[in-house]
Amino acid sequence: MDAVIFSEHASDAAYSRLKTDILQGVFKPGEKLLMSNMKERYSLGVGPMREVLARLVAERLVSAINQKGYRVVSMSLSEMRDIYEARAHLEAMIVGLAIQRGGDAWEASIIASSHTLSKVVELNSPQEMVEIWDSRHKAFHSAIASGCGSKSLLQARSFLLDQAERYRQIWLRRTVLSEEALRLKRHEHACLVDTILARDSDKAAQLMLDHLMTPVSIITKIVETDGGRWHFE
């Protein structure tokens, strides 16, 4: 039994590490995931490693090549726009439901996470700045979404967050390292919080939609200027 538990733990750890590596661009879109490299990097046998890769195939982050192994799923501007539109419209619906259903504790969690996010200032390194701001930014939006009271909607939201993450990483590094972009985000977040606390569901939904669509034009411009670096189709 202990061996089985250890094996499951090792597989879960490898899954989390590989997924993070893909989302953060350690492995590029279209790159072949060689089993020999995967086994060594994630300290896992062939069988469990195939199971890890199968999980990521189901999440549309890895594609299986007939009899030829696995590749990281490609990226494109058309897919990026589709994912962002789906995510933005879903989040707009979720915030409307959350305003209808959320209570005082929900409001308090939004205020607390907004305050924590606004306190992110220049840190020891650009990478640390990106990681901490992103972590707090996700916590802020998750606090808002938590009030919707729908497990199914939150699961759909989580899936779209993963699908958007590789594109977000392009936007994130441009945004967090720019004081002007951060100032704009602070303003958008403050307006969103005020509207949520005023329980104006229609306005909050529109603000959320606009807020989450902001990266689309930024990512498009970056990729069109330096597309080869990002390995887009």
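**View 1. Ser158, a partly exposed residue of helix 7.** At 38% relative accessibility, Ser158 counts as partly exposed. Like everything shown in these views, this residue comes from a predicted model. Ser158 sits in helix 7. Arg87 makes a good partner to display beside Ser158: the two are 71 residues apart in sequence, yet 9.6 Å apart in space from C-alpha to C-alpha.

**View 2. Helix 6 against helix 7.** Stay with helix 7, which covers residues 151-176, and bring in helix 6. The two helices pack at an angle of about 145°, and their axes are 11 Å apart. Their crossing is right-handed. If you would like to show side chains here, helix 6 contributes Gln127, Met129, Val130, Trp133, Asp134, His137, Lys138, His141, Ser142 and Ala145 to the meeting with helix 7. From helix 7, the residues they meet are Leu154, Arg157, Glu165, Arg168, Gln169, Trp171, Leu172, Arg173 and Val176.

**View 3. Helix 5 against helix 6.** Here helix 6 (residues 126-145) is seen with helix 5 (residues 104-118). Their axes are 9 Å apart and the packing angle is about 165°. Helix 5 and helix 6 are therefore roughly antiparallel to each other, since angles over 145 degrees count as such. The crossing of this pair is left-handed. On the helix 5 side, the contact is made by Trp106, Ser109, Ile110, Ser113, Ser114, Thr116 and Leu117. On the helix 6 side, Trp133, Arg136, His137, Ala139, Phe140, Ala143 and Ile144 take part.

**View 4. His141 and His211, two buried histidines in contact.** His141 is found in helix 6, while His211 lies in helix 9, which runs over residues 201-230. Are these two histidines buried or exposed? His141 counts as buried at 2% relative accessibility, and His211 is buried too, with a relative accessible area of 5%. Setting aside neighbours within four places in sequence, His141 is in contact with Arg157, His189, Leu192, Met208, His211 and Leu212. With residues up to four places away again left out, His211 touches His137, His141, Lys185, Glu188 and His189. Lys185 is worth picking out in this view: His211 and Lys185 are 26 residues apart in sequence and 8.5 Å apart in space, C-alpha to C-alpha.

**View 5. Helix 8 and its buried face.** Helix 8 spans residues 179-197. At 1.5 Å a residue, its 19 residues should span 27 Å, and the end C-alpha atoms are indeed 27 Å apart. Which residues of helix 8 are buried? They are Leu182, Lys185, Glu188, His189, Leu192, Val193, Thr195 and Ile196. Seen down the axis of helix 8, these buried residues fall within an arc of 165°, so they line one face of the helix. An α-helix has 3.6 residues a turn, so residues three or four places apart point the same way. On the other side of helix 8, Glu179 and Asp194 are exposed.

**View 6. Arg199, just after helix 8.** Arg199 lies in the loop between helix 8 and helix 9. Its phi is positive, at about 60°, although Arg199 is not a glycine. With a relative accessible area of 30%, Arg199 is partly exposed.

**View 7. Helix 3 and the arginine that follows.** The 13 residues of helix 3 should span 18 Å at 1.5 Å a residue, and the distance between its end C-alpha atoms, 18 Å, agrees. Met49, Val52, Leu53 and Leu56 are the buried residues of helix 3. Looking down the axis of helix 3, its buried residues fall within an arc of 95°, so they line one face of the helix. Glu51 and Ala58 are exposed on the other side of helix 3. Helix 3 is followed by Arg60, whose phi is positive, near 65°. Arg60 has its place in the loop between helix 3 (46-58) and strand 2 (62-65). Arg60 is partly exposed, with a relative accessible area of 45%.

**View 8. Asp21 in helix 1.** For the last stop, look at Asp21, which is found in helix 1 (residues 2-23). Asp21 is buried, with a relative accessible area of 12%. Not counting residues up to four places away in sequence, Asp21 touches Val26, Phe27, Arg41 and Tyr42.

Note on methods. Residues numbered from 1 in each chain as written. Predicted model: local features only at pLDDT ≥ 70, side-chain atom pairs only at ≥ 80, totals over all residues. Heavy atoms only, no water. Helix = DSSP H or I, 4+ residues; strand = E, 2+ residues; numbered from the N terminus. Expected span 1.5 Å × (residues − 1). Buried < 20%, exposed > 50% of the residue type's maximum accessible area, 1.4 Å probe, protein only. Arc of directions from axis to C-beta. Axes fitted to C-alpha atoms, helices over the stretch in contact; angles between N-to-C directions. Parallel < 35°, antiparallel > 145°, perpendicular 65-115°, else oblique. Left-handed = near helix turned anticlockwise from the far one by under 90°. Contact = heavy atoms within 4.5 Å.
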